[in-house]
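Hi,

Here is the structure I promised to pass on. Have a look at it first, and then read on for what turned up when I went through it.

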Protein chains: 2
Amino acid sequence: MGEFERISRFLRHFEKARALVGPGDDCAVVRPRANRDLCLTTDALVEGVHFFRPAFSFEDIGHKALAANLSDLAAMGARPSFCLCALQLPASVTAVQLDGLARGMARLARAAGLPLVGGNFSRAAELSVTLTLGGEVRRAGALTRAGGRPGDLLFVSGTLGDARLGLEQLLADPTAEGAAVRRQKRPAPRLGLGLLARRFATAAIDLSDGLSQDLGHLCTASGVGAVVTLGRLPLSRAVKQAKGSAAALFAAEGGEDYELLLAVPPRRASAFVQACGADGQKVAGIGELASGRAIVFEGPDGRPVERPGGFDHFGPSGRRIDRPSGGR
Amino acid sequence: MGEFERISRFLRHFEKARALVGPGDDCAVVRPRANRDLCLTTDALVEGVHFFRPAFSFEDIGHKALAANLSDLAAMGARPSFCLCALQLPASVTAVQLDGLARGMARLARAAGLPLVGGNFSRAAELSVTLTLGGEVRRAGALTRAGGRPGDLLFVSGTLGDARLGLEQLLADPTAEGAAVRRQKRPAPRLGLGLLARRFATAAIDLSDGLSQDLGHLCTASGVGAVVTLGRLPLSRAVKQAKGSAAALFAAEGGEDYELLLAVPPRRASAFVQACGADGQKVAGIGELASGRAIVFEGPDGRPVERPGGFDHFGPSGRRIDRPSGGR
């Protein structure tokens, strides 16, 4: 199967792009709507780093690659508008596997109303999927990491630590199944919550590297510190059962949950919580932003614990940095 | 050196992005200008496929990755407006090497007036650079592959076959130097010609896979055939010397020249050639589009030769398809 046959086979899974020029020319051409700003993100899913076979099916890979990028749009409060897909494919990838990848990606794209407008196929030794997404916000309406102020309340969506628990389970047994494994393989980007949050939040970030590290990014960008109560972190039954008394610290370190962390001024907090309830969005208050630069995690006795670690692609372990932490 | 230190070290080489939100948030945010369409392209440069070390320096890799993408904008007649850079880096890549990659990319970005607004770093076994570029055209002003009509004259810029000759020289001797090697390592995207061509051309494509194959794409998109006279292909002294009587066929197959192929109606051809001359753009007439679907290459005796081959990432050789052709 040649390059162009692969491309057309891949594209068949997607709805026809709503673009002036879609896949197949030197560029895709889209027409931005008036009075909108354009949010742009690019993110890669690399074999052996973000997924490993055969634990991840090709559908999982396609889904997860797109979910990670959609999550970045969600964190800006943006409405998805286009996607470009750059695939690096080992020669061993079969047509059936490529179909699976396309199916996993196309299903989520359809749900998000996201057209695939262009892309690139390249041979490579290692499988990877690099997507670039654009999304629209009202002029000057993007929700950045930088607007948080001391006193803003911190909320997170969903539950934390599940994706990392799922990874642990898959590393121990690639055939493992269950709720945590599903969170690791098929994360759900919080697009609806991002759109809603624009009306309330001063700052937002998606949790890809773990709460501790991503909170650090938000605080650095906003020029503030934070206090988080470990006991308030929303935990699933799976994480509680697997990690017992260490569950909250585990959740604060775990990456790839793709939940949103939001800073909301106290005066808007109850309206925000109400709007979330009405929209079916689950959020939990976990602490607040503070003046200064310190990021403090408070343990069960109300005393600070050593700050949990996070994910660094080039960290000493080459995988995850697990800083020694008081709770374990 | 951790992920975030790598990123900030990389960004230092680039001019501060002219974007509402630049690198460092979940998304970059840009404001499209009114009454413009947005051209989007993504293209990857992969180790072992598009370059190999140590023949290619990190500066070469950075330059070439950006040049290949800028060439796609050139082919649409677009003015570059933003770039996102997704790097896959083996852990062995040093800070000095990363600086080189950034320098090669930043120099060309500066020359093209292109701000780097965002990106992504990921660990990987194999080095690759995936860029996504946006460029602006007037509304409905993009130059596609699809507008060519029978009778339109075909022009190409520069000279053909040099990049492939340079590749051959590097494969024989990774320390080879000279004009052809420079064309292979540091292609020059024809942005100025693309902007000029919008006023004259009905269709355009950049020559990344070789004239024969890329002409095929243009003809398929336009629903036409073509006749090309091999003897009219513009050849450098290097290609003529190295390939002798087979030089034109070699040039018709050679990929990665990143020249433009343009279809211009006869009534606008002389004004086009004049405008090119005034702007310092070298173009050569090589044939014309024809009704039907046949793509014919005419040899020195005016008789058709077997159509030259081209590049396919997933072709039988895994590298280049060299179809047997009459001239060799």
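Before anything else, a word on labels: helices here are DSSP runs of H or I with at least four residues, numbered from the N terminus. In that numbering, A:Ile7 sits in helix α1, which covers residues 3-11 of chain A. Please keep in mind that this is a predicted model.

While we're at A:Ile7: is it buried or partly exposed? Its relative accessibility is 25%, so it counts as partly exposed, since buried would need a value under 20%. Its C-alpha atom is 9.7 Å from that of A:Leu98, and 91 residues separate the two along the chain.

Now the overall picture. Chain A has ten helices and 14 strands. Its radius of gyration is 20 Å, close to the 20 Å that the globule rule gives for 328 residues, so chain A is as compact as a globular protein of that length. Along the principal axes, its C-alpha atoms fill a box of roughly 60 × 50 × 35 Å. Of the 328 residues, 61% count as buried. Take the contacts in chain A between residues at least 6 apart in sequence: 84% of them join residues at least 24 apart.

On the surface side, chain A exposes an accessible area of about 12100 Å², and carbon and sulfur atoms account for 50% of that. As for charge, there are 41 positive and 33 negative side chains in chain A, with the centres of the two sets 5 Å apart.

How does chain B relate to chain A? A rotation of 180°, with 0.0 Å of shift along the axis, superposes chain B on chain A at an RMSD of 0.0 Å. That is the relation of a two-fold axis. The same surface serves both copies, as 100% of the contact residues of chain B recur in chain A.

Two residues in chain A helices are worth a look:

- A:Glu59 belongs to helix α2 (residues 58-76). With a relative accessible area of 19%, A:Glu59 is buried, because the limit is under 20%. Setting aside residues up to four places away in sequence, A:Glu59 touches A:Gly100, A:Leu101, A:Arg103, A:Gly104, A:Arg107 and A:Arg186. One of these partners, A:Gly104, is 45 residues away in sequence but 4.0 Å away in space, C-alpha to C-alpha.
- A:Lys185 is part of helix α5 (residues 179-185). A:Lys185 has 14% relative accessibility and counts as buried. Beyond its neighbours within four places in sequence, its contacts include A:Asp60, A:His63 and A:Lys64.

Finally, some backbone details. Most residues other than glycine have a negative phi, and most peptide bonds are trans. Where does this model depart from that? The peptide bond from A:Arg53 to A:Pro54 is cis, with omega near 0°. A:Pro54 lies in the loop between β2 (36-46) and α2. Chain B has a cis bond from B:Arg53 to B:Pro54 as well, again with omega near 0°.

Then there is A:Glu256, which is not a glycine but has a positive phi of about 70°. You'll find A:Glu256 in the loop between α9 (247-253) and β9 (260-264) of chain A, and it is buried at 9% relative accessible area. In chain B, phi of B:Glu256 is also positive, near 70°, and this residue counts as buried at 8% relative accessibility.

Cheers

Definitions and conventions
Residues are numbered from 1 along each chain as its sequence is written. Chains are lettered from A and ligands numbered from 1 in the order in which they are written. This is a predicted model: local features need pLDDT of at least 70, side-chain atom pairs count only at pLDDT 80 or more; totals for chains, interfaces and linings use all residues. Side-chain values use heavy atoms; hydrogens and water are left out. The radius of gyration is taken over C-alpha atoms; the globule rule is 2.2 Å times the number of residues to the power 0.38. Buried means under 20% relative accessible area, exposed over 50%, partly exposed in between (1.4 Å probe, protein chains only). Contact means heavy atoms within 4.5 Å. Accessible areas come from the Shrake-Rupley method with a 1.4 Å probe; for residues, only the protein chains shown count as cover. Lys and Arg count as positive and Asp and Glu as negative; His and the chain ends are not counted. The place of a charge is taken as NZ of Lys, CZ of Arg, CG of Asp or CD of Glu. Copies are superposed by least squares on the C-alpha atoms of residues with pLDDT of at least 70 in both.
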